[in-house]
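Student: Could we go through this one together? I'd like to start with the ligand and then look at the pockets.

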Amino acid sequence: MEVIIRPNADSAAALTAALIAKDLKANPKLVMGLATGRTMEQVYSILIDLHKNEGLDFSQSTTFNLDEYIGIAPEDKNSYRYYMNERLFKQVNIKMESTNLPNGVAEDLVAECLAYDEKIKQVGGIDFQLLGIGRTGHIGFNEPLSSFQSRTRCKPLTPVTFAQNSPLFDDPSQMPLRAMTMGIATILESKNCVMLATGAEKADIISKAVEGPMTSMISATALQMHPKCVVIVDEPAAAKLEQREYYDWILLNEPKWEEFRNI
Ligand code: GLP
């Protein structure tokens, strides 16, 4: 794990977008695992700018989102499909048929989950996995008790997640209590992974996720086993990290971050 602390949320998002852009330029056929949530809005808006102003090309890339609410149709404004279409897909040159999210209204949810994993397998797995973190420590919707060997499946959402996400619904009481989520095993198999967290309300869970101990009660701790995971946080989200000086010291001595220092 590498921990990168940026002064504010904007520069944390800009660094995250720059890492995605770098990998996409190096491999136009990049398979991206994508996340939703408030934190990602700024990342996607920077990627759209890079597409419009610098020609960042999404035409050959493929995406797999982490999760979707069960019972919410893709065209519903509250669905993660709708979020992705509006906030990224429709504004860049990606082919819609190369964008994937679980279908929250599939007739057979178990079959839908199996097919989702199969599709990821067929393209050779995820090259770049983007992650946010929920207050329960979930990545995707891998709520507490998620096995580190889990694959795409249906998960009940916790009251904490309900409180965190329901204000995003036009009518908060309409937020489903279950979701489909990519599993932790699939996330751990991604070649590169970046988790972005900003804001003081993430400080507690970030310190637990990064500084352990590993536990299925906090899914993000599984990332400690990921061979190439970068955690990008802003100052408020970094506030409870005990080894902060160590992370800063590593960065000073790591030449590979030089090109990103001014972001
Ligand atoms: C949802 C998503 C998660 C995401 C989280 C963070 O719960 N399922 O994948 O990490 O939101 O949300 P926010 O960025 O709004 O804090």
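Student: Which atom of the ligand is 2.7 Å from the side chain of Asp67?
Tutor: That is a nitrogen atom of the ligand, and its partner is an N or O atom in the side chain of Asp67; please keep in mind that this is a predicted model.

Student: And what about the oxygen atoms of the ligand, where do Gly132 and Gln164 come in?
Tutor: Gly132 takes part through a backbone N or O atom, which lies 3.5 Å from an oxygen atom of the ligand, whereas Gln164 uses an N or O atom in its side chain, 3.3 Å from an oxygen atom of the ligand.

Student: How much of the ligand's accessible area does the protein cover?
Tutor: On its own the ligand has 400 Å² of accessible area, and the protein covers 97% of that.

Student: How many residues surround it, and what classes are they?
Tutor: There are 14 residues around the ligand, with Arg38, Thr39, Asp67, His138 and Lys202 the closest, and by class the shell has three nonpolar, eight polar and three charged residues.

Student: OK, pockets now. Which space does the ligand take?
Tutor: The ligand takes the space of the largest pocket, which has a volume of about 670 Å³. Its lining has 34 residues, and those closest to the centre are Thr36, Gly37, Arg38, Tyr80 and Leu168.

Student: Which element gives the largest share of that lining?
Tutor: That is α3, which supplies five residues to the lining of the largest pocket.

Student: And how much space is in the second largest pocket?
Tutor: About 340 Å³ lies there, and its lining of 16 residues has Leu19, Asn192, Lys228, Val230 and Lys256 closest to the centre.

Terms used
Residues are numbered from 1 along each chain as its sequence is written. This is a predicted model: local features need pLDDT of at least 70, side-chain atom pairs count only at pLDDT 80 or more; totals for chains, interfaces and linings use all residues. Side-chain values use heavy atoms; hydrogens and water are left out. On a 1 Å grid over the protein atoms alone, a cavity is a set of points where a 1.4 Å probe fits but cannot get out, and a pocket is an open set with protein on both sides within 12 Å along at least five of seven lines; lining residues have an atom within 4 Å of a point. Grid points are joined across faces, edges and corners, and a volume is the space filled by probe spheres set on the points. Helices (H or I, at least four residues) and strands (E, at least two) are DSSP runs, numbered from the N terminus. A residue is near a molecule or strand if one of its heavy atoms lies within 4 Å of it. A polar contact is a pair of N or O atoms within 3.5 Å; within protein, one must be able to donate a hydrogen and the other to accept it, and residues adjacent in sequence count only if both atoms are side-chain atoms. Accessible areas come from the Shrake-Rupley method with a 1.4 Å probe; for residues, only the protein chains shown count as cover. A molecule sits in a cavity or pocket if more than half of its atoms lie within 2 Å of its grid points. Ala, Val, Leu, Ile, Met, Phe, Trp, Tyr, Cys and Pro count as nonpolar, Asp, Glu, Lys and Arg as charged, and the others, Gly among them, as polar.
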